[in-house]
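Let's take a friendly walk through a structure together. Have a look at it first, and then we will go through a few of its parts.

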Amino acid sequence: MNSVTLAGLAGAAMVGLGLFGLITHPHLLRKIVSFNVMGGGVFLLFGAIARRGDAAGIGADPVPQALVITGIVVAFSATALAVALLLRLDREIGRPFFPAKELAGPSEKDGAT
Amino acid sequence: MDSFFLAAAAIIVLITAIGLFRVLNGPTKPDRLMAAQLLGSGGVAALLLAEARGARGAIDVALVLALLAAFSGIAFVRAAVMSRRSGDEWEDLGDDPGD
Amino acid sequence: MTLAIDLFSVLCISGGIFFFLAGAVALLRFPDTLTRLHALTKADNLGLGLVVLGLLPQAANLLAALKLCLVWVVLQLAGTTLSQLISRVAKDKARQG
Amino acid sequence: MSATFVLDASFAALTLALAAYTILARDTFAAVVAFISYGLLLALVWVRLSAVDVALTEAAIGSGVTGALLIGAAARVGDGDASAPPGLKPLEKLVCALLCAAVSAGIAVAVLSLPAQAPTLAPLALEQLPATGLGNAVTGVLLAYRAIDTLLEAVVLVLALIGIWSFARDDHWGGRPEAPSMPEPNGALILLAQLLAPLGIIVGAHLVWAGATEPGGAFQGATILAAVWILVMVAGMIDAPPTGRRWLRFALVGGPALFLVIGVAGFVVAGAFLAYPEGYAKPLILIIEVALTLSIAIALGLLALGAPARREKP
């Protein structure tokens, strides 16, 4: 067991943890956060693989590193979009959960304001 | 000397971890807000020690962490202040009646 | 000469660890938010300050040493402002009950 | 067990503990604070994995700006306890936990059975690096070998922003996002913003410039600039810009557009899309990086600000 394998295993555990949160939390913001934890785990797996590919004097394979950098930026874009969707949903139905029937007609909250 | 730096970094990580979970457990929001500050200084100290002889550019990471810890800390405080008054003024923000 | 420098680094960094430890103990033991905040800011700034001071003679070049100081200055500034803001939130919260 | 392994193990254990706290915490606010702490620690793990460029990106975007976005949303929507739909039954939760553990176990087996001789593209990446005039292989991959990925990545930011804007109410289109400032102005915060803004601009510019030879680059530098921009807005020194302004929209697409123009020009002068003519690779890459940095900084800042929520005053 060395440090790199340990990072890979930690990444594997994070994927499982994030997946669990994504499935079990009804709160949509918690789902978004869980998804980001899962993403962090996947990136860490890439990191372990990059670190194993050290050669020619550089500490880690630059190609997976570049992939992860791209991944982090795209994950941020997706998170921002998801948060905007969540805020709009919260404004429509007044709670941060998947709507059950509310979207069928105008919600009570809209009528109140 | 190198192993002294590494050991010092590990000790600071453990100390920070203890403080961090204490702070995260609250009970009040202001307690939780301290997390950014605690981890900002503890994490940066651990990073600087761990990479005292290591990767080039590690100090840049410490600098970015320090700047972003300040930024997140202020975002925390703003969120805590705003959440007390959440519920009102979302629908009509900025819609001046005079328009 | 190197020995003297290394000794200086070890002393400073050990001092830094002591202050981090003091801060963590205070977080665990102190009764309310404001005292915990007080302890945290003092311990953290001194702790990080001593660690940075200990690392300064080990820096590779002048730019690295400058960046080390800058890291401390940024965290010091941020810590001061943040603790002020957090204590205000805590005070308002206490007043509201 | 060496000191290095003990250190890496404690980093990994703490990161994992924070990930678990993020998932399992009852309080939404605490979960988001834990997530930001998790991101900070993940950046330290990246440095330990010799991936300093990734560490910079994770510290800046993965933890910093994502954290600010999530904590703002947490304050807005709250816990929603009273209106929560019935959750999963304990037995169903257990089944989920077991299945997720199985996923983790499967990945762990894959990690443990990686080939002893790890495949790597590092020598290949370094071999051609002198031709680009760069010293940082990661920047080389991002802006020379796989430049099309980076171009599309910059476009994704703009697309996400258009998506967010489209959630605005019709009469708010082109208006300003909700006020990002503190409810009441605070002298200490204004002083902090005044001190950190010039400092952040220097650090951001340094990261972009250093990215050619040392760890750093356009995305990392741009994130610092975006963070400084938001900080100045939170302090109440400037307001969020109206999203309909023409200068703003030109600045948003300017970087990717210039990238695209240089890419298409590659057909004419070097015979392929995004090919740089010999001897001009480094200046061209630097021009692209500077233009990209400004566009990305504005895009990141606007993504964090959210959809327009105020009518534009004439």
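A crossing of two helices is left-handed if the near helix is turned anticlockwise from the far one by less than a right angle, and right-handed if clockwise. With that in mind, look at α1(B) and α1(C): their crossing is left-handed. Helices here are DSSP runs (H or I, at least four residues), numbered from the N terminus.

This is a predicted model, in which local features need pLDDT of at least 70 and side-chain atom pairs count only at pLDDT 80 or more, while totals for chains, interfaces and linings use all residues. Residues are numbered from 1 along each chain as its sequence is written, chains are lettered from A in the order in which they are written, and side-chain values use heavy atoms, without hydrogens and water.

Back to our pair: α1 of chain B spans residues 2-24, α1 of chain C spans residues 2-29, and they pack at about 15° with axes 9 Å apart. The two are therefore roughly parallel (an angle under 35 degrees). Among the residues making the contact (heavy atoms within 4.5 Å) are Phe4(B), Ile11(B), Phe20(C) and Leu27(C).

Now zoom out to the chains. Of the 5 pairs that touch, A and D share the most contacts. Chains A and C do not touch, and their nearest C-alpha atoms are 19 Å apart.

Finally, which residue touches Phe259(D), Ile262(D) and Leu284(D), among others? That is Tyr276(D), which also touches Leu143(D) and Ala270(D).

Technical notes. Axes are lines fitted to C-alpha atoms, for helices over the stretch in contact, and angles run from 0 to 180 degrees between N-to-C directions. Angles under 35 degrees count as roughly parallel, over 145 as roughly antiparallel, 65 to 115 as roughly perpendicular and the rest as oblique. Lists of a residue's contacts leave out its neighbours within four places in sequence.
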